[in-house]
Amino acid sequence: MDKPIYITPEGLEALRNELDHLWKKERPETVAVVSWAAGNGDRSENGDYIYGKKRLREIDRRVRYLRKRIEDAVVVRSEDQPDHSRVFFGAEVTYVNARDEEKTIRIVGEDEAESLNGKISWVSPVARGLMKCQVGDVITLKTPAGEDELEVLAIRYP
């Protein structure tokens, strides 16, 4: 493990829910289909059997991944952050860029990042640039389109 697997309590719960769904619902259903298809005779041209075995491998791979991530996860709670006036993991940050676009993002773990929903990974360039900033701080980020300035407008810890 070269870097810690930080995660919010909500993110850990989502990983556990996905693992539970795969292991208790989807995998048994797929095993039943594969078993039924195997009883139909020739497996080499049996689409249900071939697809089912492929899906079982995908499920098992994801289950192994989720178990390892959950086992190694370091849960970071907002209330445990030492200084709520600065940006740290779990913070919800509102900033404005050089084009006067205001954005609100939340800094979360890699497994729970959803950029379309405003959740960015703590290892992303924007999150790394914002770390330890306070309200009013201005940072310069290098982006593919050139340099961009971000000014921190608000910091909240949900």
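## Exposed surface and overall dimensions

The protein, which is seen here as a predicted model, exposes about 9,800 Å², and carbon and sulfur atoms supply 50% of that area. Of its 158 residues, 37% are buried. The C-alpha atoms fill a box of roughly 70 × 35 × 25 Å when this is taken along the principal axes.

Three helices and seven strands make up the secondary structure, and from the N terminus on the elements follow the order β-α-α-β-β-β-β-α-β-β. The radius of gyration is 22 Å, whereas the globule rule gives 15 Å for 158 residues, so the protein is more spread out than a compact globule. Among contacts between residues at least 6 apart in sequence, 56% join residues at least 24 apart.

## The five-stranded sheet

Five strands form an open sheet in the order β5-β4-β3-β7-β6, and the pairing within this sheet is mixed. Its edges are β5 (119-121) and β6, each of which pairs on one side only. With direction ignored, neighbouring strands of the sheet are turned by 45° against each other on average.

At the β5 edge, β4 and β5 pair in the parallel sense over three bridges. Valine 108 has serine 121, a residue of β5, as its bridge partner.

## Nonpolar cores

The largest nonpolar core holds 20 residues, and those that touch the most other members are Val87, Val93, Ile105, Ile107 and Leu130. At least two residues of this core come from each of β3 (92-97), β4 (102-108), α3 (125-130), β6 (138-143) and β7 (146-156), with β7 giving the largest share, three residues.

For isoleucine 105, once neighbours within four places in sequence are left aside, the contacts are Ala91, Glu92, Val93, Tyr95, Gly118, Ile120 and Leu130. Apart from the core to which Ile105 belongs lies another one of ten residues, which include Leu15, Leu22, Leu66 and Ile70.

## Lysine 54 in helix α2

Lysine 54 is found in helix α2, which spans residues 47-72. Its relative accessible area is 43%, a value that lies between the 20% limit for buried and the 50% limit for exposed residues, and lysine 54 is therefore classed as partly exposed.

Lysine 54 can also be placed relative to threonine 30: the two residues are 24 apart in sequence, while their C-alpha atoms are 10.0 Å apart in space.

How values were computed:
Residues numbered from 1 in each chain as written. Predicted model: local features only at pLDDT ≥ 70, side-chain atom pairs only at ≥ 80, totals over all residues. Heavy atoms only, no water. Core = buried A, V, L, I, M, F, W, Y, C linked by side-chain atoms within 4.5 Å. Buried < 20%, exposed > 50% of the residue type's maximum accessible area, 1.4 Å probe, protein only. Helix = DSSP H or I, 4+ residues; strand = E, 2+ residues; numbered from the N terminus. Contact = heavy atoms within 4.5 Å. Pairing = 2+ DSSP bridges. Axes fitted to C-alpha atoms, helices over the stretch in contact; angles between N-to-C directions. Rg over C-alpha atoms; globule rule 2.2 N^0.38 Å. Areas by Shrake-Rupley, 256 points an atom, 1.4 Å probe, with all protein chains shown as cover.
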